[in-house]
Structure formats: structure tokens, C-alpha cells
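Let's take a walk through this structure together. The stops are a couple of helices, some charged pairs and a few spots on the surface.

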Amino acid sequence: MRNPLAEKVVAIKPSGIRKFFDIAQEMKGVISLGVGEPDFDTPWHIRDEGIYSLEKGRTFYTSNAGLKELREEIANYVYRKQGIRYENPLKEILVTVGGSEAIDIGFRAMINPGDEVLIPQPSFVSYEPCAVMAGAKPVIINLKAENEFRLTAQELEEAITDRTKILVLPFPNNPTGAIMERKDLEAIAEVLIKHDIYVMSDEIYAELSYKEKHVSIAQLPGMQERTILINGFSKAFAMTGWRLGYACGPAQIIEQMIKIHQFAIMCAPTTSQYAAIEALKNGDDDVTEMCTAYNQRRRYLLHAFREMGLECFEPYGAFYIFPSIKEFGLTSDEFAMRFLREESVAVVPGTAFGDCGEGYLRISYASSLENLRTAMSRMNRFVTKLREEQR
């Protein structure tokens, strides 16, 4: 029989995150510190608005790009939080099925075969395969621990060719927790403008920034017109299962993204859209409360790693920490698998987010302090045993 499969899809590796959790699900007493999902319930007033929309029979398709009221509220929110003004939200904003859909269709709307997409790594697992499926050539920029896993202007400049079209800017970063400050972005923006390069700025963790208020590259002069700003409701509002995100950008790009979205998806879930309006209007206090809890857990983990002598830079964003385990002579995969088997704690090897993640682990602190304390006690016991094995 003829091969029914697309070669470029077959060549894509499955997510390196999943195998650990498939194993963990079959084990008893496992503490999972790997899933990038808030441990908080969606705030009640947001859930209540979704329930009310169902009770009122609002179960029909919305427009392809999303409810008019929601797109207007997203524009208000982005202006209130970042000072970025989208004058025509009906043409410059698209509501998607999670931020992941926005990444996918953003690439497909902009990429011609052979165009290059710059992807700083370690970073979210979807960027590289989505770029490949859109026909792009991914060009990886390996971020460095000595730079706190920030992207530098020099690293960007060195990666650019005459085929470069898009830079993915994944900050605050999953998996490292790294952020980019204004001065970092200003240096990056200068290079991008010089070479006429577009930006896909994934800001899904924008609300979870612990050092200073998040700065979007779209705020900088000359950058809004060349930036697709991607965000959503999963992380800040604890709405992962509602599957809702959005993209803001130049009307000519959003128009083509809507075209792909209408043929593939039709529209984002109606109930979720009504709930999201409530989240944007009245959810600031909920976000602050959750962010405060994450920050407390972040500080606890930093202290715990220092106490056990594990090297770890201080992350200032998202809800992940990225300790180094290079001293033990194990690959990240080997360390994570042994830790799971021997201590019943699931973490993610750094290599799930790019080859330069070797020697690191991603640990999520979207889990209770009680779970974190138990997990760190087990990790302390585990690393003590590894050090004894090395003697």
C-alpha cells in the first residue's frame, strides 16, 4: 500500500514531556512537578459567567474571530496592562483555541517555504514543530545560563541570514523562568528593525513576573507593526481546560490567520469566550492572589536548592525553576527517570525543551507548598545518594 503519512510529520519527535507522566500515572504516591498547569481552580466568578452563558442558551457559533465584546475587552486589557493600543480590535485581534493555536496559524499565515524562523531554546515544545509544519527552516539559538537564559542582541545578530523572517520571543520563559527586561528588549528591537524581521512574542506568562512588571516588545517604538503578540487565559486565570487564547497584531497578518482559523476551527468555544470577558473585566485580584502564592513557592524552591547545594539561577517569571544537575554525570533524562523510579517525583528533563537543556531539569511550582516540601525532601535524599555513589 502507498504510505499514507506525511514525511515531515513523521520526522517530528513526540513531546519529551509526556513519557514521564505516562509512567507516573501508573505509579502510586507520585508527586508531579512537571505539568505546566496552575493548581488553582478557575475563580468562581469566571466559572459562574460560563454557567450563566449556558443557562441563557448562548451555545451557538460566534464570529470566526471571536465575540466582538471579547476582542474589545482584550484590546482594553492589553492597553491597561502594557500601554499597547489596538485601535481596531475587530481587525487586529483574533480569539483562538489556546495560545498554541495562535502559534500554529501565525506561522502558517506568514511563512513561505524556506523562510527561517529563529527559535531561542530552551523553550516551549511547540515552536519548532509548528515552524516545520508551516514549511519553515527552524534556526535554534542556544541560550546560556551565564546570561540567565536571556536572548542577547549579539546572539540574535549572529543567527540572522537573508532568509530570516520571524523571531520567536518566548518570555517569560517556559522552562527556565527567565525574563527579558526593557533594556534587553531595546537591544533586540534595534537588531530586528535593522534587518526587517517580524516577532512572534509569546507572552502567556506575562502576568507571572516577580522582579518587575512585564514589558512587551510591542511597547517599543517601531515594534508593534512587526509583532504578533500571543497570550491567553490558561496560566494567569487558571483556565487551562477552557482552551482560549488570542493573537494581536497588524491587520494584514491577523486577516490571514483568521482565514486559516475559520477553515480549521470555525471559532473558539462560545462558553469560554463569555467566561473570558468576565476574567478580563474582574479578574485582577485573582491573578494577584495566585501570583503571590507562586512567588512564595519560587522563593522556597530557591532556598531548598541552595541548601542541598544544587546550582540554580534565580527565575523571575512563569512558574518554573531550572536547576542544574551536571555535577552527577547523568543525562537529564537519566536523572529524571531515576528520580521518578526511586523517589516517586516526576520532573521534566531539560532536553524536552531543546538540546541545550541537557544538564538541567524543569520543575514546576504550580503545586502546593506541602507537595513541594515533600518533593524537596525526596530530592535532597536522592542527590545525597548520588554524591555518595560518586565517591
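A residue is called buried when its relative accessible area is under 20%, exposed when that area is over 50%, and partly exposed in between. Keep in mind that this is a predicted model.

## Helix α11, tucked away

With that cut-off in hand, take α11. Ten of its 13 residues are buried, so the helix is largely enclosed by the rest of the structure. The buried set is T270, S272, Q273, Y274, A275, A276, I277, E278, A279 and L280.

Does its length come out as expected, or not, and what are the numbers? Helix α11 covers residues 270-282, and at 1.5 Å a residue its 13 residues should span 18 Å; the end C-alpha atoms are 19 Å apart, which agrees.

## Helix α12 and what follows

Helix α12 takes in residues 284-307, which makes 24 residues. At 1.5 Å a residue, the expected span of α12 is 34 Å, and its end C-alpha atoms sit 35 Å apart, so the two agree. Just after α12 comes G309, with a positive phi of about 75 degrees.

## Salt bridges across the chain

Side chains of opposite charge can pair when their charged atoms come close. Here the count comes to 25 salt bridges. One of them brings us back to α12: D39 pairs with R297, and the closest N and O atoms are 2.9 Å apart. This pair links distant parts of the chain, as D39 is in the loop between β1 (31-32) and α3 (44-55) while R297 is in helix α12, 258 residues apart. Are the two partners buried or exposed? R297 has a relative accessible area of 7%, so it is buried, whereas D39, at 35%, is partly exposed.

Two other pairs involve helix α14 (residues 369-390). In one, E327 forms a salt bridge with R387, with 3.0 Å between the closest N and O atoms. E327 belongs to the loop between β9 (320-321) and α13 (332-343), R387 belongs to α14, and the two are 60 residues apart. E327 is partly exposed at 38% relative accessible area, and R387 is partly exposed at 24%.

In the other, the side chains of E389 and R338 meet at 3.0 Å, N to O. That bridge ties helix α14, home of E389, to helix α13, home of R338, across 51 residues. E389 counts as partly exposed, with 46% relative accessibility, and R338 is partly exposed too, with a relative accessible area of 24%.

Some charged residues do not stop at pairs. E148, R150, E181, K183, D184 and K211 are linked in a network of salt bridges.

## Out on the surface

Which residues gather in a patch of negative charge on the surface? They are E128, E334, D355 and E358. Of these, D355 lies in the loop between β11 (348-349) and β12 (361-364). Its relative accessible area is 69%, so D355 is exposed.

A11 is another loop residue to look up, found between α1 (7-10) and α2 (18-24). With 61% relative accessibility, A11 counts as exposed. How far apart are A11 and V132 in space, C-alpha to C-alpha? The distance is 9.9 Å, although A11 and V132 are 121 residues apart in sequence.

Conventions:
Residues are numbered from 1 along each chain as its sequence is written. This is a predicted model: local features need pLDDT of at least 70, side-chain atom pairs count only at pLDDT 80 or more; totals for chains, interfaces and linings use all residues. Side-chain values use heavy atoms; hydrogens and water are left out. Helices (H or I, at least four residues) and strands (E, at least two) are DSSP runs, numbered from the N terminus. The expected span of a helix is 1.5 Å times one less than its number of residues. Patches are made of residues with over 30% relative accessible area and no salt bridge: like charges are joined within 9 Å, nonpolar side chains (Val, Leu, Ile, Met, Phe, Trp, Tyr) within 5 Å. Accessible areas come from the Shrake-Rupley method with a 1.4 Å probe; for residues, only the protein chains shown count as cover. A salt bridge is a side-chain nitrogen of Lys or Arg within 4 Å of a carboxyl oxygen of Asp or Glu. Lys and Arg count as positive and Asp and Glu as negative; His and the chain ends are not counted. The place of a charge is taken as NZ of Lys, CZ of Arg, CG of Asp or CD of Glu. Buried means under 20% relative accessible area, exposed over 50%, partly exposed in between (1.4 Å probe, protein chains only).
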